[in-house]
Amino acid sequence: MYATSDRAKNQLATGELPPLANPIPELDQYNLILVGSPVWSGQPAVPVKQFLNQLTNFAGHLAPFYTDAGVANTLPEDAGAASGLINTMHQIGSSVGLALIVGVTGGMTHGGAFYRQSLLMSTICAAIALVIIVFVVIPGEQRENQLKLKH
């Protein structure tokens, strides 16, 4: 993964993207193209960027989606559990976000008190997330970086 990332960074820096293995078919018959890609160094994979560069005359819509290496720095024996945890957190976050949106929207139709309660709950959730990031995630990353420096 890291070797591929280094090669991709070099290709992006020089603008020399790899050729595609197959020619792009005629796309005029489509209104929508789903474009999936892993994220390499914060950008779509270089073959996907090459594909997108060749879509200059496409008049339809593109809908991107991506995957990322959220478990890049975990031990191989912990990667499955870490991946499951990340997926669970995405599901919980999406569910809570949707519940807050429904609550706020419902509060608008039932009067100002419900609206204020919904906004208060969303503010509390955002504050809890901020506290977790500041006191758990960031110190964990700092510890990890210190361990890397010692080795």
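**Close-up views of a predicted model**

**View 1. Leu27 and its partners in the core.** Let's start with Leu27: setting aside residues up to four places away in sequence, Leu27 touches Ile33, Leu55 and Phe58. Touching, or contact, means heavy atoms within 4.5 Å. Leu27 also belongs to the largest nonpolar core, a group of 7 residues completed by Ile33, Val35, Ala45, Val48, Leu55 and Phe58. A nonpolar core is a set of buried Ala, Val, Leu, Ile, Met, Phe, Trp, Tyr and Cys residues joined through side-chain atoms within 4.5 Å. Buried means under 20% relative accessible area, exposed means over 50%, and partly exposed is in between (1.4 Å probe, protein chains only). In soluble globular proteins, nonpolar side chains tend to be buried together.

**A quick note on the model.** This is a predicted model, where local features need pLDDT of at least 70 and side-chain atom pairs count only at pLDDT 80 or more, while totals for chains, interfaces and linings use all residues. Residues are numbered from 1 along each chain as its sequence is written, and side-chain values use heavy atoms, leaving out hydrogens and water.

**View 2. The two sides of helix H1.** Which residues of H1 are buried? They are Ser5, Ala8 and Gln11. They sit on the same side of H1, because they cover an arc of only 125 degrees around the axis (going by the directions from the helix axis to the C-beta atoms). An α-helix has 3.6 residues a turn, so residues three or four places apart point the same way. Flip to the other side of H1 and you find Ala3, Arg7 and Ala13 exposed. The cover over the buried residues of H1 includes strand S1 (32–40) and helix H2 (46–53). Helices (H or I, at least four residues) and strands (E, at least two) are DSSP runs, numbered from the N terminus.

**View 3. Gln11, up close.** Gln11 lies in helix H1 (residues 2–14) and counts as buried because its relative accessibility is 16%. Ignoring neighbours within four places in sequence, Gln11 is in contact with Glu16, Leu17, Pro18 and Val46. Just after H1 comes Gly15, with a positive phi near 80 degrees.

**View 4. Strand S1 and its two partners.** S1 pairs with strand S3 (residues 61–67) in the parallel sense, over 7 bridges; two strands pair if DSSP finds at least two bridges between them. Here Leu34 stands opposite Ala63 in S3. S1 also runs antiparallel to strand S2 (residues 43–44), joined by 2 bridges, with Trp40 opposite Gln43 in S2. S1 and S2 form a hairpin with 2 residues between them, and Ser41 in the turn has a positive phi of about 55 degrees.
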